[in-house]
2 protein chains.
Amino acid sequence: MSFSSKQELNLHKRNACTFAGCGKRFGSHKYLLQHRRVHLDDRPLKCPWKGCKMTFKWKWACTEHYRVHTGERPYVCPIPECGRTFRFVSDFSRHKRKTGHTK
Amino acid sequence: MSFSSKQELNLHKRNACTFAGCGKRFGSHKYLLQHRRVHLDDRPLKCPWKGCKMTFKWKWACTEHYRVHTGERPYVCPIPECGRTFRFVSDFSRHKRKTGHTK
DNA sequence: CTTTCTCTGTTTTGTC
DNA sequence: GGACAAAACAGAGAAA
DNA sequence: CTTTCTCTGTTTTGTC
DNA sequence: GGACAAAACAGAGAAA
Ligand SMILES: [Zn+2]
Ligand SMILES: [Zn+2]
Ligand SMILES: [Zn+2]
Ligand SMILES: [Zn+2]
Ligand SMILES: [Zn+2]
Ligand SMILES: [Zn+2]
Ligand SMILES: [Zn+2]
Ligand SMILES: [Zn+2]
Ligand SMILES: [Zn+2]
Ligand SMILES: [Zn+2]
Ligand SMILES: [Zn+2]
Ligand SMILES: [Zn+2]
């Protein structure tokens with residue numbers, strides 16, 4: 001880590017991103033370091049599906065994307081009369097929030 | 001302005017956006033209020049070109065977009081041997097930065 | 001790498 | 001109980 | 001409004 | 001000189 005000014009170092013210590021136009025602050029210093037990838041061009045994670053060219057910055061995005069190939073719908077509502085299934089955790093979360101279907 | 005907690009009011013006073021997942025801080029309180037539109041669905045500015053359906057949150061984006069209809073290239077490099085023209089101020093800025101073509 | 005174009009935080013300009 | 005990292009979540013939000 | 005899907009800040013889980 | 005708002009800039013960054 002190198003800093004071009006004392007001001008920048010102080011912001012870093014306060015968990016603030018110093019990329020131009022960002023200005024975000026975070027709850028942990030560890031995450032601040034992970035957040036940097038948002039501003040970098042690298043997309044190091046590749047979809048393991050043969051022939052798929054999708055790339056990602058975040059492991060979780062890659063994990064969920066892979067399900068569009070497999071068709072997997074791993075989230076199942078625990079309410080017996082409902083039984084809806086979801087491919088993405090976000091849609092499952094919304095279902096629980098809107099319907100109250102929680103065990 | 002209403003706040004759901006004292007914590008949220010304090011962040012507002014420190015020019016911090018309290019939308020979930022944002023966490024940005026800004027140089028002025030006035031801009032913090034303008035920044036909110038980033039999180040709202042409204043796109044109140046409409047392209048004035050007949051038949052164009054483009055909409056915008058920011059006036060400047062609308063102003064520059066309109067030039068794709070008119071073909072205008074209002075930015076002209078002041079160095080006589082160069083004379084390049086640009087449709088968008090950002091490209092003109094980059095030209096000056098990379099070449100040093102400044103009067 | 002390029003060009004084209006939009007988004008947005010900050011700076012500059014204009015009016016009182 | 002404590003690190004600490006990895007995984008997963010829970011929204012936001014873009015696209016159609 | 002809907003469904004599908006990606007992004008990311010925070011929370012939860014797993015290992016020592 | 002001071003507000004204060006409007007306009008414009010200067011990057012970042014997505015898309016092709
Ligand atoms: Zn550090
Ligand atoms: Zn950042
Ligand atoms: Zn894939
Ligand atoms: Zn259900
Ligand atoms: Zn206020
Ligand atoms: Zn915000
Ligand atoms: Zn238009
Ligand atoms: Zn030039
Ligand atoms: Zn674009
Ligand atoms: Zn949404
Ligand atoms: Zn998307
Ligand atoms: Zn760029």
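This tour moves through a predicted model, from the domains of chain A to a zinc site in chain B and then to the surface near DNA strand E.

Begin by colouring chain A by domain, with domain 1 covering 6-39, domain 2 covering 43-71 and domain 3 covering 73-103. If you place a marker at the C-alpha centres of domain 1 and domain 3 of chain A, the two lie 35 Å apart.

Next, select the zinc ion (ligand 7), which is coordinated by Cys47(B) and Cys52(B) through SG and by His65(B) and His69(B) through NE2, at 2.0 to 2.2 Å. Along the chain these donors follow the spacing C-x4-C-x12-H-x3-H, and the four donor atoms subtend angles of 105 to 113 degrees, so the arrangement is tetrahedral. Show helix α3 (residues 59-70) of chain B as a ribbon: because His65(B) and His69(B) are four residues apart in this helix, about one helical turn separates them. His65(B) counts as buried, at 12% relative accessibility, whereas His69(B) is partly exposed, at 25%.

Now select DNA strand E and the 21 residues that surround it, the closest being Tyr31(A), His35(A), Arg43(A), Trp58(A) and His65(A). Polar side-chain atoms of Arg43(A) and Trp58(A) lie 2.9 Å and 2.8 Å, respectively, from a phosphate oxygen of the strand, while one of Asp91(A) lies 3.1 Å from a base nitrogen. The elements of chain A giving two or more residues to this surface are α2 (29-35), α3 (59-70) and α4 (89-99), and the largest share, five residues, comes from α3(A).

Finally, colour the surface near DNA strand E by class to find 10 nonpolar, five polar and six charged residues.

Definitions and conventions. Residues numbered from 1 in each chain as written. Chains lettered and ligands numbered in written order. Predicted model: local features only at pLDDT ≥ 70, side-chain atom pairs only at ≥ 80, totals over all residues. Heavy atoms only, no water. Domains from an automatic or database assignment. Donors = N, O, S within 2.8 Å, 3.2 Å for Na, K, Ca; no water. Tetrahedral: all angles 85-135°; square planar, octahedral: opposite > 155°, others 65-115°. Buried < 20%, exposed > 50% of the residue type's maximum accessible area, 1.4 Å probe, protein only. Near = heavy atom within 4 Å. Polar contact = N/O pair within 3.5 Å; in protein donor to acceptor, adjacent residues only side chain to side chain. Nonpolar A, V, L, I, M, F, W, Y, C, P; charged D, E, K, R; others polar.
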